[in-house]
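Hello,

Here is the model we spoke about, for your files. My notes come after it.

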Amino acid sequence: MNNKNTHYKERVKFTLKMKKDYTILIPEMAPLHFRLIEPILSRQGFHIDLMGAEGPDVLQKGLKYVHNDICYPALLITGQMLTAMESGKYDPSKVAMVITQSGGGCRDSNYIHLMRKAFEKAGYPNVPFISANIWGLELNSGINLTPRTLLMALAGMIYGDMIMIVSNQVRPYEINKGDTDAMVDRWIERLTATFKKGRGFMPKAIEKNLHAIGEDFASIPIQKVPKVKVAVVGELFLKYSVPGNNHLEEFLAEQDCEVFMPSMLGFGVYKTNGALEDLRLYGGKPLKKLIMNIVMKFLFKVEDMLIRNIEAFDQFTAPERVNTLKERAEGVIGIGNSMGEGWYLAAEMLEMADHGYENIVCVQPFGCLPCHVSVKGMINKVRRIDPRVNAVDIEYDPGATKVNQENRIKLMLAVAKEHLNEN
Amino acid sequence: MKIGIDIGSTTIKCVVLDDQGVIIHKSYERHFAMITEKTQEVIRGLIEQFQITEPVVCAISGSAGMGLAERANIPFVQEVYATKVAMNHRLPEADVVIELGGEDAKILFLQGNLEVRMNGTCAGGTGAFADQMASLMQITVDEMNELAKQHEKIYSIASRCGVFAKTDIQPLLNQGARKEDISASIFYAIVNQTITGLAQGHPIEGNIVYLGGPLTFMSELRKSFDRTLNCKGICPEDSLHFVALGAAYYAEDTVDLNQALIKIGEQADFVTESALQPLFRNQEEYEVFTARHKEHQVPRKEGMEYHGDAYLGIDSGSTTLKVILTDSEGSILFSKYQSNQGKPIDVVRDTLVEMYEQYPDVHIVSGAVTGYGEDMIRNALGVDVGVVETVAHFTAAKYFMPDVEFIIDIGGQDMKCFKIRNGAIDNIFLNEACSSGCGSFLQTFASSLGYPIDEFAKLGLFGDNPVDLGSRCTVFMNSSVKQAQKEGVTVENISAGLSISVVKNALYKVIRVHSAEELGKKIVVQGGTFLNDAVLRAFEQEMGVDVIRPDIAGMMGAYGAALYAKQMMEHEKQHQKTTGEQEAAATKDSDILNYEELKEFTYSIKSVTCNGCNNHCQLTVNDFGNGRRFIGGNRCEKPVTNQAQDDSLNLYEYKLKLLAGYEPGHGTRGVIGLPMGLNMYEMYPFWHAFFTSLGYQVKMSGFSNRKLYLKGQGTIPSDTVCFPAKMMHGHIQQLIEMGVDAIFYPCMTYNFDEKKGANHYNCAVIAGYPEVIEANTVNFGNIKYINDYVGPHVKKEFPKRIHQVLEKHLGSFTKAEVKNACEKAYAEYDSYMQKIQEEAQRIIGQAREQKKKIIVLAGRPYHADPEINHGIHKLIAALGFAVISEDAVASLVPKFKVNLLNQWTYHARLFSAAQYVATQPDMYLVHLVSFGCGLDAVTTDEARSILEDAGKLYTQIKIDEVTNLGAVKIRLRSLMAAIEQTEEGTNLHEQ
């Protein structure tokens, strides 16, 4: 039999030599977080730029080069990448792309491969794709991230979460329009300057800064009027990406809502914890278990740091710890369900309802496989358990219209307003 | 006074209440997408009628009213919420509201905690669907309602969405099913779609209220709901106006209507930005374009007298019928393109009569028929040859361009594209159900705006800024158009945008092409839709290449059939010459009925249910007299030949036999029920042995059928999940009815590691579906439902862990008996898999002895289910292939690298099977894909490229609830034709 495999193509690696004059393009997922993480990576000598293009033209490029039944984030990001290539802003032979790879059973582990195929078809076979993952998939010699850099990136994420969570709870009530956003800018500048000096990422500094952030935002003069409180949950990329969710936060703000965006760190902790749960459920190598336990212990500490510093202020609602959420999931959905948002989503909806954010927009890509289970499959049960939950699931797709999405959200808001008036 | 205005997707409704809350005025009219104008008209009418000068209390509702209300500063209330407000006032005792509109379907559960449901993106067009179906049958909606009263039977029609339903209805019409029955079936399809899409496990019971246009106007639709839900719903007074009424009740703020009138008139200042280029920048460009395309014409001798030999070609398509008569040179003597009016036989007969009357002395040497109606027309009218569509189209295209490299045909319903390599069809792309009807959508849409299609298309030629309407499917496009209209996009730009969308759907969704180079430079485009210059231009623009469009683009199938008939005749003559037979061929007559015979031709139609097997096909039997008859709707040859099909070379049948062979046993510990769906199809031997060994009776829910599916449809939470997953709900209900003690349906994130890839996951749906069942099934009663996470893939740890699961639910067990059960389970699983592989080897051997080609029907284990595969394996076997499955050959290739993260066990098998097929000259792969299978969006291109790199054909068949196999048959026959042609080519080459 002929076993020659002419079909397989070796991937283009990102080498140390490329580091000097290649621009690394990253899809901008969460604007606030990425504004903080970008300077950290730049400091390591990478030339970083973020891609946040949107609009029908961008989607068209995605549709042209990726299977049309793939999830919306993949279509959109591929479109953004190709738009960047054709923008004239970069030398196409000196560009590398970054994309995350969760390594789970979800399709997103294959985005990177689909994008490579798309680039090959579009005439850019030599662009290296860098996988961002925590499992050691696809290593590149040019990406020699030191533990120090990783810690700094983690710190960037924590600061991002902190600023996002507290600012969202101040902005709708601020007396002087613009106070909150000015404060956000001030803190990002301040943190960027700190990072540049190579500081601000050790636990002590983080503690100090987190508390200072909390104090600063708590000091913004506000007037608490009753407003509809909405939480946005669902698929990670769509939750935060502005082009991804058709400016959802903006829309909700225009509708005079307070919006709670869950922390990115929480999702990371949940996701990493999944590997440990698998070991617990099915068994596995003791060494792997040991390592995972150490990693989780560390992450729980980090998580605690963020949450404690939000909880320190009475006026702020903090996200719950993953271990608390796990208890909430008990009896709703098995902890073994870890593909995509898995059990985390149902728990999060119950959490949000308990903290006064019972109005929930649940975002998902059209046809998302894990969402059939964790969103659509669970929403009825969650409502049976906590009838306060007033959730609407919104699907995103190149063919889905904004009007339809907003109309559905408005239905949810109409019910929310009725409840608000009753109380 | 309070005013409520409801601007829906097709109508605008208005209600005025006096201070006592009594309706003093109401109106209901269609707005034909002229939303701004119509709204102004309504408001102006109100101002006049009620002499309004002061601000009045007013609110707007409705899906089309949102932007407009904002613009006019009139308070907006979401329409479902408005319904709820109206219900509170009018019918506070109601439990459930079912409201169908033109585009949307809604269900409101009013008691307890208010729950409101709107259809998702994918299920739009509910009410418009009834209109469309009626127009398909060329009757009015009222007539459809009347006809439905006389129905005798209900056909199963896919309820996923309008596009899918149409794919089921069209062939029923063509087979001659009664319109009465189809009408009633359409209503049931709407009912099923509403329930599947919106009930989502919430029981619909108590006082049910029907609202909205379709439910108000169609008594039979209400009755269908009544019967399905087992209730008696009411359709209250003002059922059309509840949303408007709710808006009026809800309204609190006053609005200056005169002021609003002006503001509504101010066009929305944003028009969706669009990246699309205009089709033509100016008239000159258009003229150059038309001059170029004028060149490709067939010689015509229509209307001239003719006495000699002639050849007849008939293309009986899904919605149209094309007939061409040529002379022996290929010049056209007679041609006709028309709708088949849902009765193709009658239409062909009339056309042939007309033809004979024009050419009484013509001598038809031979005739060929192609298209969906091929078999039926051939039987009915004695047409000499049947030819598969792809071959017919290829034959015709060669006439215009002998070295054609790519042919794309967009008809009303279907899209066919194929690549030609070395003079043979090399690669075939047919659209799946989801992107069907793009061509006819243009037409339907044009007529909904009151334009004939050609005029509508012409408008688009010079649209300066075509609007992007997406390319997923017509349901999505339709809702994009609605949005564009609301934003004030011109008809010109919508028309151009639609043409571009149709082309993009073909290019990027069906063919998956990225540049003209992949298609080859020599392209022939055909099909009725390409007669539309806007579509043609969009295609050329998008691919950046000039193509050939024959003047008979819409009739290429018929023309190709005529040419084919001639070729076959010549072939035969050649053959007779070489074999030395005395030829009488020159004088041989076609078997086609002659003028007199046609005049007297009658036929009758009967519909029966075949009870030959589990599929229970709905057959339509056409009797043409003289012992000639045609049976439609069958999936195998059994009803035709009255003999059981030979299943000896069909591994799918063998699998079912193996699975059915497991006896429940006589265990005394209780009865365990296993739902026979998704991964249980393969895990059944494992769990059966496991529980049998523990002393349980083990019962399975049986293989699926339509009835079983309907049992569970009310508990399906996601209308876009794959059909095999939806089917699981029926299996659970079946087990509950069987009264087992416990249902065992464990979550399995991981499958067995077959050492083919980087990981061995199950897909997210398979992994988590037991959770979905748990969360949405409300009637388990005393039955234990066990859905713990289990990991038999870690063999060493499994006994300990499954022991814990058992003790959690079923009492205590000794370590030894669990260990023993586990051993039995693994052994049984291995033995089952081995039996399949051995049987596959036997089939391969026997097929090779008989010189039969082998098809590897590559799907998932659960694709063996008869209701999921719709008998496709039987169809393949009936076409003369041996059929085996992917799992039977996957282990025959060593692990190899693919350009993906190869991390799902079932999908790794697909790649291995493809790799294996690539090395076997007599094997071909047919990839069976369930609609909505997201993982296959990842794997398809890879499987295709593994095969194509080895010079092999890749064929994909998408399956869903749709039971119509017409398109599948064409696809498989095209594959056969392609194989034959390639072989001939190779043989010639070798000679």
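The notes below cover the domains of chain A, the main core and one helix of chain B.

This is a predicted model, in which local features need pLDDT of at least 70 and side-chain atom pairs count only at pLDDT 80 or more, while totals for chains, interfaces and linings use all residues. Residues are numbered from 1 along each chain as its sequence is written, and chains are lettered from A and ligands numbered from 1 in the order in which they are written.

Chain A splits into domain 1 (16–144) and domain 2 (226–262 + 319–423), with bounds from an automatic or database domain assignment. Their centres, taken over C-alpha atoms, are 28 Å apart. Contact (C-beta atoms, placed from the backbone, within 7 Å) involves 17 residues of domain 1 and 19 residues of domain 2. On the domain 1 side, H4(A) gives the largest share, four residues.

The largest nonpolar core (buried Ala, Val, Leu, Ile, Met, Phe, Trp, Tyr and Cys residues joined through C-beta atoms within 7 Å) has 459 residues. Buried means that 20 or more other C-beta atoms, placed from the backbone, lie within 10 Å of the residue's own. Each of the two chain A domains supplies at least three residues to this core. A:Ala346 is among the residues with the most contacts inside the core; beyond its neighbours within four places in sequence, A:Ala346 touches residues including A:Ala329, A:Ser374 and A:Val382.

In chain B, eight of the eleven residues of helix H16 (438–448) are buried, among them B:Phe441 and B:Phe445. B:Gly450, which follows H16(B), has a positive phi, near 85°. Helices here are DSSP runs (H or I, at least four residues), numbered from the N terminus.

Regards

Key: Contact = placed C-beta atoms within 7 Å. Helix = DSSP H or I, 4+ residues; strand = E, 2+ residues; numbered from the N terminus. Buried ≥ 20, exposed ≤ 12 C-beta atoms within 10 Å, placed from the backbone.
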